[in-house]
Amino acid sequence: MNGSVLALDFAETADREEFRRAVLAGLSRAPRAIPAKFLYDARGSALFDEICELPEYYLTRTETEILKRHAADIASRAGPGCALIEFGSGSSVKSRLLLDALDDVALYSPIDISRQHLDQTAAGLRRDYPALKVAPICADYMALDGLPQIDGDARRLGFFPGSTIGNLEPADATAFLRRARRLLGDDGALVMGADLKKDPQRLHDAYNDAAGVTAAFTLNLLRRMNRELQGNFNLEAFAHEAFYNQLEGRIEIYFRSLREQSVAVAGRTFGFAEGERVHTEYSYKYDLAGIEALARSAGMRAAETWTEAHRRFAVTFLVAAP
Ligand code: AVI
């Protein structure tokens with residue numbers, strides 16, 4: 001067995017232990033909740049990729065349209081010779097739109113917690129952009145204190161697309177932007193995508209698609225608990241529930257017990273009342289004033305915001321506030 005296989009085994013054991021603790025803690029507290037990051041095992045990530053293609057899920061298409069239309073504007077705001085740093089890069093599809101538009105990129109640094117994702121992304125980019133310096137960072141960008149592989153005095157341009165900011169509760173969103181501001185420096189900038197408030201029915205439909213892919217995505221968490229934590233969740237006895245909470249300006253997502261039942265997982269047994277819910281995700285929706293207020297709360301300001309005809313989504317160029 002070689003060292004990298006051992007390292008992977010170790011990482012897998014550590015991940016499973018973190019999952020076990022989160023599930024036991026999340027099912028023991030009231031109201032019950034399991035953090036959204038555990039939705040993204042291999043099957044969950046593949047289902048999320050499918051969500052991005054759904055007719056109801058306008059977010060990915062709309063953001064891509066904005067990025068395509070305004071890539072040159074973003075590049076001119078950024079200036080030549082930037083180091084592009086992507087927070088939570090996934091497959092880096094959207095960053096290619098920026099890489100194609102930016103003038104003389106000094107370096108591209110994708111940050112992702114998944115080593116596998118990072119290696120794939122880096123290999124694809126090195127193949128398609130042979131002159132580009134690619135410096136992947138395997139880390140949790142929510143807990144990163146420095147950018148180890150980045151030195152030199154190139155301007156740092158952060159990229160945080162996909163409305164991932166919406167999955168953070170307001171205090172965490174501010175904490176993330178503060179961290180980004182520190183990592184990017186006084187001279188840095190951040191290109192951030194955020195889903196906008198709109199007709200509640202459209203929001204509702206985006207998280208309750210007719211094909212049931214979002215439901216499968218939520219219920220995959222039960223499968224994961226069954227597989228990794230020796231659970232016995234009956235997937236037929238729980239349902240996906242997603243609705244727009246207008247007061248809080250957010251989509252709330254849960255899995256809901258369809259009957260009174262008890263379930264064993266990670267060596268414990270948990271009772272569920274009929275209708276009892278376990279929270280899995282928030283997806284906050286912003287308006288332009290809300291984006292500006294969020295930026296201010298983190299010592300930044302929106303230098304420019306781009307949207308499209310229906311004002312469904314916004315891409316904002318954030319800079320450090322003086
Ligand atoms: C990743 N994130 C921006 C998605 C969202 O829209 O909040 C996650 C998602 N969950 C269900 N559908 C999409």
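In what order do the strands of the open sheet of 3 strands run, and is the pairing parallel or antiparallel? The order is β6-β7-β10, and the pairing is antiparallel. Keep in mind that this is a predicted model. Besides that sheet, there's an open sheet of 7 strands with mixed pairing, plus a ligand that the protein surrounds with a shell of 14 residues. Here's the rundown, starting with the ligand.

**Around the ligand**

- Of the 14 residues around the ligand, the ones that come nearest are Tyr 57, Asn 167, Tyr 207, Glu 281 and Ser 283.
- For Tyr 57, an N or O atom of the side chain sits 2.5 Å from an oxygen atom of the ligand.
- Tyr 207 puts a polar side-chain atom 2.6 Å from a ligand oxygen, and Ser 283 also has a polar side-chain atom 2.6 Å from an oxygen atom of the ligand.
- On its own, the ligand has 340 Å² of accessible area, and the protein covers 97% of that.
- Sorted by class, the shell residues come out as 8 nonpolar, 5 polar and 1 charged.
- Three elements each supply at least two residues of the shell: α2 (42-52), α8 (213-228) and β10 (277-284).

**The sheet of 3 strands**

- β10 turns up here again, as an edge strand along with β6 (238-245), and each of these two pairs on one side only.
- Direction ignored, neighbouring strands in this sheet are turned by 20 degrees against each other on average.
- β6 pairs with β7 (residues 250-257) in the antiparallel sense, over 8 bridges.
- If you want a specific pair to look at, take Ala 242, whose bridge partner in β7 is Ile 253.

**The sheet of 7 strands**

- Reading across this open sheet, the order is β3-β2-β1-β4-β5-β12-β11.
- The edges belong to β3 (137-138) and β11 (300-306); each has a single partner strand, so one side of each is left without a neighbour in the sheet.
- At the β3 edge, β2 (residues 107-112) and β3 pair in the parallel sense over 2 bridges, with Ile 111 opposite Ile 137 in β3.
- At the β11 edge, β11 and β12 pair in the antiparallel sense over 6 bridges, and Trp 306 stands opposite Val 315 in β12.
- β11 and β12 form a hairpin with 6 residues between them. Arg 311, in the turn, has a positive phi of about 50 degrees.

**Helices on that sheet**

- α3 (residues 58-78) lies across β4 (156-160), β5 (189-195), β11 and β12 (313-320), and runs at about 35 degrees to β12.
- α4 (residues 93-101) packs on the sheet too, where it touches β1 (83-87), β2 and β4. The direction of α4 makes about 165 degrees with that of β1.

**Backbone spots to check**

- Where is the cis peptide bond that has an omega of about -5 degrees? It joins Ala 30 and Pro 31, and Pro 31 is in the loop between α1 (3-28) and α2.
- Ala 266 has a phi near 50 degrees, which is a positive value in a residue other than glycine. You'll find Ala 266 in the loop between β8 (261-265) and β9 (268-272).

Terms used
Residues are numbered from 1 along each chain as its sequence is written. This is a predicted model: local features need pLDDT of at least 70, side-chain atom pairs count only at pLDDT 80 or more; totals for chains, interfaces and linings use all residues. Side-chain values use heavy atoms; hydrogens and water are left out. A residue is near a molecule or strand if one of its heavy atoms lies within 4 Å of it. A polar contact is a pair of N or O atoms within 3.5 Å; within protein, one must be able to donate a hydrogen and the other to accept it, and residues adjacent in sequence count only if both atoms are side-chain atoms. Accessible areas come from the Shrake-Rupley method with a 1.4 Å probe; for residues, only the protein chains shown count as cover. Helices (H or I, at least four residues) and strands (E, at least two) are DSSP runs, numbered from the N terminus. Ala, Val, Leu, Ile, Met, Phe, Trp, Tyr, Cys and Pro count as nonpolar, Asp, Glu, Lys and Arg as charged, and the others, Gly among them, as polar. Two strands pair if DSSP finds at least two bridges between them. Contact means heavy atoms within 4.5 Å. Axes are lines fitted to C-alpha atoms, for helices over the stretch in contact, and angles run from 0 to 180 degrees between N-to-C directions.
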